[in-house]
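These are my notebook entries on a single protein chain. I set down what I looked up, one topic at a time.

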Amino acid sequence: MVFGYSTNAFVKYDLLDSFDRVARLGFTGVEIMCDQPHLYPPEYDDDKLAEVKASLKKNGLKPTNLNSFTLFAVGDTYLPSWIEPEADRRRIRVDHTLACLEIAAFIGCRNISVPPGGPQPKNMTRKKAQHLFHQGMDQVIPKAQELGVQLLIEPEPGLLMERTAEIKSFVAEIRAPAVGINFDIGHFFCAGEDPTAAFEELFPWIGHIHIEDIAPTRVHNHLIAGLGAIDFPSVFTAMKRAGYEHDMSLELYPYTDRPEEAGQMSLAHLLPMLQAAGLQD
């Protein structure tokens, strides 16, 4: 398992500079933000992508995941989403996902993460929202299968799917090997669940993990590892017991003013636990 650090904590630096900084902290992987100011697909041709690939190699970094969740370039954290009433808005989300899949294949990343539908619009039933999400996924699954890149849906507090039962039924119904789950440890804690129990139930579909700490209040605010209430040893033991072999990325986007300090503190807190669980040498 490779432990990476997401570039969405480094938005005050350009993408290649963020790679250098992540590598200097001691991480062997990096999750890449596929949005401005980093790897927003319309701004990257093959030459620029080749530079990204070369920088990853220079720094000894494996791309652990392409974070295709946000769309600040044309919207915000959640919008445009898969389930907006307007077809042209949903099309933006589909096209962005298709472009991210192509980039993942180009740079050698095995998965991208996508939002779980989106905020449910007012006056839209849950059944209709799920139908629109299915329609959107149907437009990107063939490309994912063709390229051999996994589409990982990330449950998120307050969005269409945030709990174990919701995401499990959705991915099980799709029955596509290319579709899985980006398991954010803190998000399940925020949703009132035990992350260890959620991991064990969802394990067959988990293709990547996000890690951060969350306060005892369960308010959705990513914290430096060790400053919250997440029982990391329990989750790590479950990962080892289940035979988890994919990657994990630290996600600390609230710390854009001090991303290196936040990463260093989190790594120092988590690495001994990962080693004790047998997940890191």
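**Entry 1. Cis peptide bonds**

Where is the place of P80? I found P80 in the loop between β3 and α3 (87–107). I note at the outset that the model is predicted. The peptide bond that joins L79 and P80 is cis, with omega at about 0°.

I then looked up a second cis peptide bond, which joins Q36 and P37 and has an omega of about 10°. P37 belongs to the loop between β2 (29–33) and α2 (46–59).

**Entry 2. N65**

I located N65 in strand β3, which covers residues 62–67. Is N65 buried or exposed? The relative accessible area of N65 is 0%, and because buried means under 20%, I enter N65 as buried.

Which side chain does the side chain of N65 join in a polar contact? I found that of N111, at 2.8 Å. Setting aside residues up to four places away in sequence, I listed V30, E31, I32, C109, N111, I112, S113, H208 and H210 as touching N65.

**Entry 3. The largest pocket**

I next looked up the largest pocket and recorded a volume of about 310 Å³. It is lined by 18 residues, and those closest to its centre are N8, T70, F72, T77 and Y253. I sorted the lining of this pocket into seven nonpolar, eight polar and three charged residues.

**Entry 4. A9**

A9 is found in the loop between β1 (3–6) and α1 (15–25). I recorded A9 as buried, at a relative accessible area of 0%. Which residues does A9 touch, not counting residues up to four places away in sequence? I listed L252, Y253, Y255, T256 and P259. The C-alpha atoms of A9 and A262 are separated by 9.0 Å, although these residues are 253 residues apart along the chain.

**Entry 5. Helix α5**

Which residues of helix α5 (residues 164–174) are buried? I listed T164, E166, I167, F170, V171 and I174. Seen down the axis of α5, these buried residues fall within an arc of 170°, so I describe them as lining one face of the helix. In general, an α-helix has 3.6 residues a turn, so residues three or four places apart point the same way.

I then looked at the face of α5 turned away from its buried side, where A165 and E173 are exposed. The buried residues of α5 pack against α4 (126–147), β5 (150–153), β6 (179–184), α6 (185–190) and α7 (195–202).

**Entry 6. Positive phi angles**

What phi does R175 take just after α5? I recorded a positive value of about 55°, and R175 is a residue other than glycine. R175 has its place in the loop between α5 and β6. I enter R175 as exposed, at 73% relative accessibility.

N123 also came up in this search: its phi is positive, at about 70°, although N123 is not a glycine. I placed N123 in the loop between β4 (111–114) and α4. The relative accessible area of N123 is 86%; exposed means over 50%, so N123 counts as exposed.

**Entry 7. Helix α7**

In α7, I listed P195, T196, A198, F199 and L202 as buried. Why do I write that they line one face of the helix? Seen down the axis of α7, the buried residues fall within an arc of 165°, so one face holds them.

Against which elements do the buried residues of α7 pack? I recorded α5, β6, α6, β7 (206–211) and α8 (232–242). At the start of α7, I found a side-chain oxygen of D194 within 3.1 Å of the backbone nitrogen of T196.

**Entry 8. Q280**

I closed with Q280, which lies in the segment after α9 (259–276). A polar atom of the side chain of Q280 lies 2.7 Å from the backbone oxygen of M1. Leaving aside neighbours within four places in sequence, I found Q280 in contact with M1, F3, L271, L274 and Q275.

Methods. Residues numbered from 1 in each chain as written. Predicted model: local features only at pLDDT ≥ 70, side-chain atom pairs only at ≥ 80, totals over all residues. Heavy atoms only, no water. Helix = DSSP H or I, 4+ residues; strand = E, 2+ residues; numbered from the N terminus. Buried < 20%, exposed > 50% of the residue type's maximum accessible area, 1.4 Å probe, protein only. Polar contact = N/O pair within 3.5 Å; in protein donor to acceptor, adjacent residues only side chain to side chain. Contact = heavy atoms within 4.5 Å. 1 Å grid on protein atoms, 1.4 Å probe; cavity = no way out; pocket = protein on both sides within 12 Å on 5 of 7 lines; lining within 4 Å. Points joined across faces, edges and corners; volume = space filled by probe spheres on them. Nonpolar A, V, L, I, M, F, W, Y, C, P; charged D, E, K, R; others polar. Arc of directions from axis to C-beta.
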